[in-house]
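Trainee: I've got a protein model open and I'm not sure where to start. Could you walk me through reading it?

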Amino acid sequence: MCTNFALIKTNGTAVLADRLGIDDRKLCYSPDIRPGHIISIVVERGGQRQVLDAIWWLYLQQTERGMKVNPDYFSVNTNYAKLPQKPEYRHSRCIIMASSFVESQQGKKPHELRPADGSAIAFGGLWKAWHDKATEQTVYSASIITLPGLPALAEIHKKAFPLWLPDDAYDPWLDANVTDTACFDDLLIPHLRAPLEAVQVDRASSKKPVGSTRVIKE
């Protein structure tokens, strides 16, 4: 998966927020979300859904000024093959909402991808809580799980595809009491949950269209 996505306030994000049982006014909206930026993650603690601000980079390090991204581990994404080694997969799963995301082949010809039906995307992710010794506050971090490449998107990005959760997976995915992850095995097979509109853009940050829009289906 590329390293840029967007979360725009739309009817689609409102519908997804309602389905997740959260207040969409608490979400961090941005058309340009990059590694190290603050993102919104949806978690469940004590049976209650919460929206937390998190750094999009799973592994952090302590500095004199606070917790920062750890440059030794590029951890905006977590490869599905490494999930069995991650205690977070058993105990700290989250949902990261997005309106669209950007993919490219080795940084060339980036495309913005968004659900053609106007819905929002629920990425499956992992999260961690850190005690910041500099501020004595709790800092949260997160990553998006990536799966094998999706054949339908091979011309745009063939290496990997983000874990896009179906509607009926939201509740068990967020339930911290579900620690037998075998029930998620089918989710680790990449699928489009809706047709995607794909348009080539000038760059991931600005997302200015430089080509026509086409619809991609499995």
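Mentor: Sure, we'll go from the whole chain down to one pair of strands. Keep in mind that this is a predicted model.

Trainee: Okay, how many helices and strands does the chain have?

Mentor: Three helices and 15 strands.

Trainee: And what does the radius of gyration tell me here?

Mentor: You compare it with what a compact globule would give: for 218 residues that is near 17 Å, and the chain has 17 Å, so the two agree. As for extent, the C-alpha trace spans about 50 × 35 × 35 Å along its principal axes.

Trainee: What share of the residues counts as buried?

Mentor: Buried means under 20% relative accessible area. By that cut-off, 50% of the 218 residues are buried. The chain's accessible surface comes to about 10,800 Å², and carbon and sulfur atoms account for 48% of that.

Trainee: How are the contacts spread along the sequence?

Mentor: Take contacts between residues at least 6 apart in sequence: 63% of them join residues at least 24 apart.

Trainee: What about charges: how many positive and negative side chains are there?

Mentor: There are 26 positive and 25 negative ones, and the centres of the two sets lie 7 Å apart.

Trainee: Now the strands. Which way do β5 and β6 run, parallel or antiparallel?

Mentor: Antiparallel, with four bridges joining β5 (residues 60-63) to β6 (residues 66-69). The two strands form a hairpin, with two residues between them. To see the pairing up close, find Gln 62: Met 67 in β6 stands opposite.

Conventions:
Residues numbered from 1 in each chain as written. Predicted model: local features only at pLDDT ≥ 70, side-chain atom pairs only at ≥ 80, totals over all residues. Heavy atoms only, no water. Rg over C-alpha atoms; globule rule 2.2 N^0.38 Å. Buried < 20%, exposed > 50% of the residue type's maximum accessible area, 1.4 Å probe, protein only. Contact = heavy atoms within 4.5 Å. Areas by Shrake-Rupley, 256 points an atom, 1.4 Å probe, with all protein chains shown as cover. Lys, Arg positive; Asp, Glu negative; His and termini not counted. Charge placed at Lys NZ, Arg CZ, Asp CG, Glu CD. Pairing = 2+ DSSP bridges.
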